[in-house]
2 protein chains.
Amino acid sequence: MREATLKEIANRLGISITTVSKALKNYPDVSDKTRKAVTALAEELHFTPNSFAVNLRTKESKTIGLIIPEVVHHFFSGVVNGIIAEAEKNGYLVIMLQSNESLELEKKQVALLINKRVDGIIMSLSNESNNDAHIKSILEKEIPFVQFDKISKLIPSSKVIIDDQKAAMEAVQHLIDMGCKKIAHIRGLDNPQNSIDRFIGYKKALEKNGIPFDSSLVYSCKSITFEQGVEFAKQILEEDKGIDGIFVITDLVAVGVLAHFNEKGIQVPNQIAVIGFSNWLVSQVITPKLSTVDQPSYEMGVAAFNLLLEEMICRKEQKPFEAKTVALETAIIARESTLKK
Amino acid sequence: MREATLKEIANRLGISITTVSKALKNYPDVSDKTRKAVTALAEELHFTPNSFAVNLRTKESKTIGLIIPEVVHHFFSGVVNGIIAEAEKNGYLVIMLQSNESLELEKKQVALLINKRVDGIIMSLSNESNNDAHIKSILEKEIPFVQFDKISKLIPSSKVIIDDQKAAMEAVQHLIDMGCKKIAHIRGLDNPQNSIDRFIGYKKALEKNGIPFDSSLVYSCKSITFEQGVEFAKQILEEDKGIDGIFVITDLVAVGVLAHFNEKGIQVPNQIAVIGFSNWLVSQVITPKLSTVDQPSYEMGVAAFNLLLEEMICRKEQKPFEAKTVALETAIIARESTLKK
DNA sequence: CTGAAAGCGCTTACAG
DNA sequence: CTGAAAGCGCTTACAG
């Protein structure tokens with residue numbers, strides 16, 4: 001089946017392509033009669049404008065690029081949802097790419113998106129990535145660009161983040177409010193900013209409550225896994241330091257802690273309370289249900305797209321654009337693992 | 001920064017656009033000297049062909065569309081990974097859209113992709129979707145089309161599936177092998193093919209083992225949720241029919257069953273064994289660890305893209321194309337919830 | 001109110 | 001080996 005074109009409609013109606021185009025775009029300088037004839041025939045032929053031609057003329061693709069380290073994480077799929085939905089609402093489609101935490105791949109993918117001439121790029125950096133040339137090339141070409149979650153502070157673009165320090169402080173405060181006196185922290189890897197910030201938040205909360213910081217109560221993950229949680233739980237029981245609350249870097253690890261405590265018959269939260277971070281699905285279906293910090297992933301996606309849209313509009317209208325950083329609110333979700341009876 | 005064009009290169013070098021184009025595309029009828037001059041200048045100017053113009057000329061976008069019900073599911077993110085990676089390897093980019101299980105949205109999204117003139121579409125249907133007009137319109141326009149996972153048999157397109165009947169049979173056989181005598185099935189919604197096939201597999205396994213089918217042992221989900229699993233677990237205990245094994249449509253629901261059994265002190269698997277389907281992350285971190293059926297999600301994505309590529313090539317070369325169905329192997333993952341002591 | 005014309009940036013059949 | 005020309009399908013400034 002051949003696709004209908006403006007030309008075909010024009011020929012059939014014995015009018016010019018110009019007039020057909022105007023009629024379909026509701027330009028005011030077309031007679032009602034002509035407009036009706038055109039729209040009727042367009043409908044009949046299932047005419048839709050050839051987007052390749054439109055792109056070429058308007059120099060816009062109404063498509064944006066999205067690069068993330070991995071969708072598999074529950075958090076990222078939430079963000080992806082938000083971006084795609086908000087983009088669709090605004091007439092944009094989203095090309096998705098995954099760097100799999102590889103700087104090499106990430107560079108190639110940025111080049112692909114630039115060649116594709118997407119109208120903008122949203123990105124969460126791979127762990128290896130920082131202020132590299134490929135990112136600079138985006139900014140140099142003045143392609144609208146937004147970073148989210150795993151960002152580089154060195155790159156002057158709009159950003160969407162959460163306040164990890166504050167969120168961690170609130171989590172630890174929650175444990176304190178529940179009556180915990182000796183609170184351990186299972187922290188993340190050394191490098192990532194959010195791991196560092198959550199650790200700082202933990203310390204600040206202790207300080208604020210006049211609890212002395214004790215570095216022997218901090219356990220550093222070698223990997224972010226269920227098994228790592230089991231291991232530290234075991235260690236904590238063996239050491240028997242009187243710990244009565246644990247703030248864990250992320251839910252997956254916290255679930256490992258709970259699994260071991262369950263096995264050993266430790267009463268959670270009455271003997272030891274546990275709070276995680278991220279509000280994964282798994283935290284709601286584990287027994288006891290895990291208290292955690294909710295990151296608004298969908299909203300993060302929405303915010304990221306809207307920042308991008310703002311920049312795309314500014315660039316198009318040749319107006320000055322100033323990068324913004326949006327920090328989204330997190331929320332403590334108190335469930336069984338901290339609500340003492 | 002203005003983008004370099006063929007015209008600019010031609011002007012600077014005092015040759016024709018035609019020759020520049022040919023030189024860059026390694027046509028044989030260009031002198032070595034000219035070719036070198038062209039490639040050198042192209043490099044210097046960071047020339048990349050304007051993809052909008054290329055699309056218009058070649059009538060190809062080197063972009064495919066992907067519609068899935070939800071990325072949040074661990075299974076779908078695996079498939080998405082596979083599709084994106086394999087597409088990238090072959091020079092294609094992927095526009096992703098989510099139907100959120102809404103037929104309405106799905107229809108709009110198909111229209112968006114058609115208007116966008118993607119080179120092909122890969123899709124997993126929403127639960128409400130079947131042999132609807134929007135799908136037919138894809139086939140009528142001869143847009144290469146591949147279905148995966150949640151497919152409609154009525155639609156004559158290539159498909160990538162698992163053999164749900166066989167997988168379900170194996171799951172139930174596993175329960176029987178573990179000594180279960182009275183096996184219940186918590187089945188999925190009425191419409192989806194995989195829900196139907198798993199139910200058929202359940203019946204076949206019983207039949208094969210000479211166990212009479214008892215429709216009162218089949219529980220039909222109204223929604224695929226944790227809560228639904230809790231509810232049926234409660235009902236099963238109340239009815240007290242002597243059920244000693246349950247095959248559950250998917251892990252999320254199975255986890256709900258386990259949660260309720262844990263709460264009531266039911267010994268799993270010794271009193272009642274439970275097996276799920278899909279091998280979600282959550283099934284490995286729950287106590288007891290959930291036995292399940294592993295679906296090869298990444299491989300499914302790779303296979304789906306390759307089937308699509310095959311069709312895209314055939315269409316382009318105007319060769320006849322015949323739809324194929326690829327069925328991937330599943331595997332029983334036996335964990336604590338079925339391994340009786 | 002209508003339409004001829006230029007042009008977006010490329011590709012390719014054709015002539016020389 | 002090189003290039004003029006047509007054309008992909010649209011948009012829009014301009015003339016009438």
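**Note on the interface and DNA contacts of the predicted model**

1. Two salt bridges are counted between chain B and chain A, a salt bridge being a side-chain nitrogen of Lys or Arg within 4 Å of a carboxyl oxygen of Asp or Glu. In one salt bridge the side chains of Arg117(A) and Glu3(B) meet, with 3.6 Å from N to O. The two chains also have 15 residue pairs in polar contact, both residues at pLDDT 80 or more; a polar contact is a pair of N or O atoms within 3.5 Å, where, within protein, one must be able to donate a hydrogen and the other to accept it, and where residues adjacent in sequence count only if both atoms are side-chain atoms.

2. The elements that contribute two or more residues to the side of chain B touching chain A are H4, helix H5 (74-89), strand S2 (93-98), helix H6 (103-116), helix H11 (251-263) and helix H12 (282-285) of chain B; helices (H or I, at least four residues) and strands (E, at least two) are DSSP runs, numbered from the N terminus. Sorted by class, that side of chain B holds 25 nonpolar, 14 polar and nine charged residues, with Ala, Val, Leu, Ile, Met, Phe, Trp, Tyr, Cys and Pro counted as nonpolar, Asp, Glu, Lys and Arg as charged, and the others, Gly among them, as polar.

3. On the basis of the model: it is predicted, so that local features need pLDDT of at least 70 and side-chain atom pairs count only at pLDDT 80 or more, while totals for chains, interfaces and linings use all residues. Residues are numbered from 1 along each chain as its sequence is written, chains are lettered from A and ligands numbered from 1 in the order in which they are written, and side-chain values use heavy atoms, with hydrogens and water left out.

4. The extent of the interface can be stated in two ways. By contact (heavy atoms within 4.5 Å), 48 residues of chain B meet 48 residues of chain A. By buried area, which is the accessible area (1.4 Å probe) that two parts lose on being put together, summed over both, the value is about 4500 Å², of which carbon and sulfur atoms give 62%. In chain B, the residues that lose the most area to chain A are Phe52(B), Leu93(B) and Arg117(B), which together account for 17% of what that side buries.

5. Chain B is superposed on chain A by a rotation of 179° with 0.7 Å of shift along its axis, at an RMSD of 1.5 Å, the fit being by least squares on the C-alpha atoms of residues with pLDDT of at least 70 in both copies. This is the relation of a two-fold axis, and in chain B the C-alpha nearest the axis belongs to Ile95(B), 1.8 Å from it. Since 100% of the interface residues of chain B are also interface residues in chain A, the copies meet through the same surface.

6. Around DNA strand D there are 26 residues, of which Leu6(A), Arg57(A), Lys22(B), Asp29(B) and Arg57(B) come nearest; a residue is near a molecule or strand if one of its heavy atoms lies within 4 Å of it. Of the atoms of DNA strand D that come within 4 Å of the protein, 59% belong to sugar and phosphate. A side-chain N or O atom of Tyr27(A) is 2.7 Å from a phosphate oxygen of this strand, and backbone N or O atoms are involved for Asn50(A), at 3.2 Å from a phosphate oxygen, and for Ser31(B), at 3.2 Å from a phosphate oxygen.

7. For DNA strand C, the residues that come nearest, of the 26 around it, are Lys22(A), Asp29(A), Leu6(B), Tyr27(B) and Arg57(B), and sugar and phosphate make up 58% of the strand's atoms within 4 Å of the protein. Bases are approached too: a polar side-chain atom of Thr18(A) lies 2.8 Å from a base nitrogen, and a side-chain N or O atom of Thr18(B) is 3.4 Å from a base oxygen. H2(B) gives the most to the surface near DNA strand C, with four residues.

8. Some local geometry deserves a look. A cis peptide bond joins Val268(A) and Pro269(A), with omega about 10°, and Pro269(A) sits in the loop between helix H11 (251-263) and strand S9 (273-275) of chain A; in chain B, a cis peptide bond joins Val268(B) and Pro269(B), again with omega about 10°. Lys59(A), although not a glycine, has a positive phi of about 60°, and Lys59(A) lies in the loop between H4 and strand S1 (63-68) of chain A.
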